[in-house]
Amino acid sequence: MKKMKMMVMSMTVMMIAAITPATAQNVQSVQQLERDIEQHEKNIKEMEISLSDLEEKIDNLKSQLKDLETQKKTVEKNLKAEVKMRKDKFTTRDELVYDQEIADVLYNPYNKSDVEEALDSFEGMETKDVIKKKEIVQKYGEYCKNLKEFMEKMKNELAKNNWKYLSSTTELYKKFEKGLKGTKYWKVYNKKEKNESIDYLDRVMDKIMLFKNDGLKSETQFNSILNMLYAN
């Protein structure tokens, strides 16, 4: 009986010995998992705090961005107004320079040095409507020379006719009229109501037209016009 009891105890010890390592391992795994879980929870909490901070910063940046957009629109509006004011001042300035330093040159007989000074006055201008008048100033001398050459050529032919009255049906009258319309300034003069022209040459052309319409018969009238075209 005693021997039997000892055998049962031995088997129990052996069974306990066989179960204990596995149980210990399971306990260790649970503890590790719990530690991992605690770390995850800690990480989650830290990340939630970090996310909250980032969201707050984003909200602040959105607010700043909105303020910057408002400031940008204000600057753009002010810039546009400033550009317009500058343009308006430049227009006033350019028109004033033209009236004071250039217009008189076109009102008076052609003078080379005066024209050169007038052309210098265009330097630094920005107003397109004023700048486009520069070309006509540049061509003032050319227009005068061409018109004078036409008149001198016609003077010889009119003199051969002894300055007799010519009707619009005569060949010499038609030749004069065609030649006049072929001069370089004619196109400018013919559109002077809409485009920039040279005031002085307009007056010369008016006298030529009057001379033509009167029958091309007055030598005195002709010479008076021709003298207006001699440059200084």
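A residue counts as buried when its relative accessible area is under 20%, as exposed when that area is over 50%, and as partly exposed in between. With that in hand, let's walk through this predicted model, starting with its charged pairs.

## Salt bridges

A search of the whole structure turns up 12 salt bridges. Three of them are set out below, each with the distance between its N and O atoms.

| Acidic residue | Basic residue | N to O distance |
|---|---|---|
| Asp-88 | Lys-84 | 2.9 Å |
| Glu-126 | Arg-86 | 2.9 Å |
| Glu-177 | Lys-212 | 3.2 Å |

Take the pair Asp-88 and Lys-84 to begin with. Both residues sit in helix H1, which covers residues 2-107, and they are four residues apart, about one turn of the helix. Asp-88 has 36% relative accessibility and therefore counts as partly exposed. Lys-84 reaches 53%, so this partner is exposed.

Arg-86 also belongs to helix H1, but its partner Glu-126 lies in the loop between helix H2 (112-120) and helix H3 (128-131), so this salt bridge ties together parts that are 40 residues apart in sequence. Are these two residues buried, exposed or partly exposed? Glu-126 is partly exposed because its relative accessibility is 41%, and Arg-86 is partly exposed as well, with a relative accessible area of 44%.

The salt bridge between Glu-177 and Lys-212 links distant parts of the chain too: Glu-177 is in helix H6 (residues 171-181) and Lys-212 is in helix H8 (residues 199-213), 35 residues apart. Glu-177 is partly exposed at 26% relative accessibility. Lys-212, on the other hand, has a relative accessible area of 5%, so this lysine is buried.

## The nonpolar core and helix H6

Now for the inside of the protein. The largest nonpolar core holds 45 residues, and Phe-176 and Leu-201 have the most contacts inside it. Two or more residues are given to this core by each of H1, H2, helix H4 (134-138), helix H5 (140-160), H6, helix H7 (186-190), H8 and helix H9 (219-227). Which helix supplies the largest share? That is H5, with eight residues.

Phe-176 is a good place to look around. Leaving aside residues up to four places away in sequence, Phe-176 touches Phe-150, Met-151, Met-154, Leu-158, Ile-208, Phe-211, Lys-212 and Leu-216. Among these neighbours is Lys-212, the buried lysine that forms the salt bridge with Glu-177.

Phe-176 is also one of the buried residues of H6, along with Leu-172, Tyr-173 and Leu-180. These residues lie on the same side of H6, because they cover an arc of only 105 degrees around the axis. The elements that cover them include H5, H7 and H8. On the face of H6 turned away from the buried side you will find the exposed residues Glu-171 and Lys-178.

## A buried asparagine in a loop

One more stop: Asn-111, in the loop between H1 and H2. Is Asn-111 buried or exposed? Its relative accessible area is 17%, so Asn-111 is buried. The side chain of Asn-111 is joined to that of Ser-113 by a polar contact of 2.7 Å.

Conventions. Residues are numbered from 1 along each chain as its sequence is written. This is a predicted model: local features need pLDDT of at least 70, side-chain atom pairs count only at pLDDT 80 or more; totals for chains, interfaces and linings use all residues. Side-chain values use heavy atoms; hydrogens and water are left out. A salt bridge is a side-chain nitrogen of Lys or Arg within 4 Å of a carboxyl oxygen of Asp or Glu. Buried means under 20% relative accessible area, exposed over 50%, partly exposed in between (1.4 Å probe, protein chains only). A nonpolar core is a set of buried Ala, Val, Leu, Ile, Met, Phe, Trp, Tyr and Cys residues joined through side-chain atoms within 4.5 Å. Contact means heavy atoms within 4.5 Å. The arc is that of the directions from the helix axis to the C-beta atoms. A polar contact is a pair of N or O atoms within 3.5 Å; within protein, one must be able to donate a hydrogen and the other to accept it, and residues adjacent in sequence count only if both atoms are side-chain atoms.
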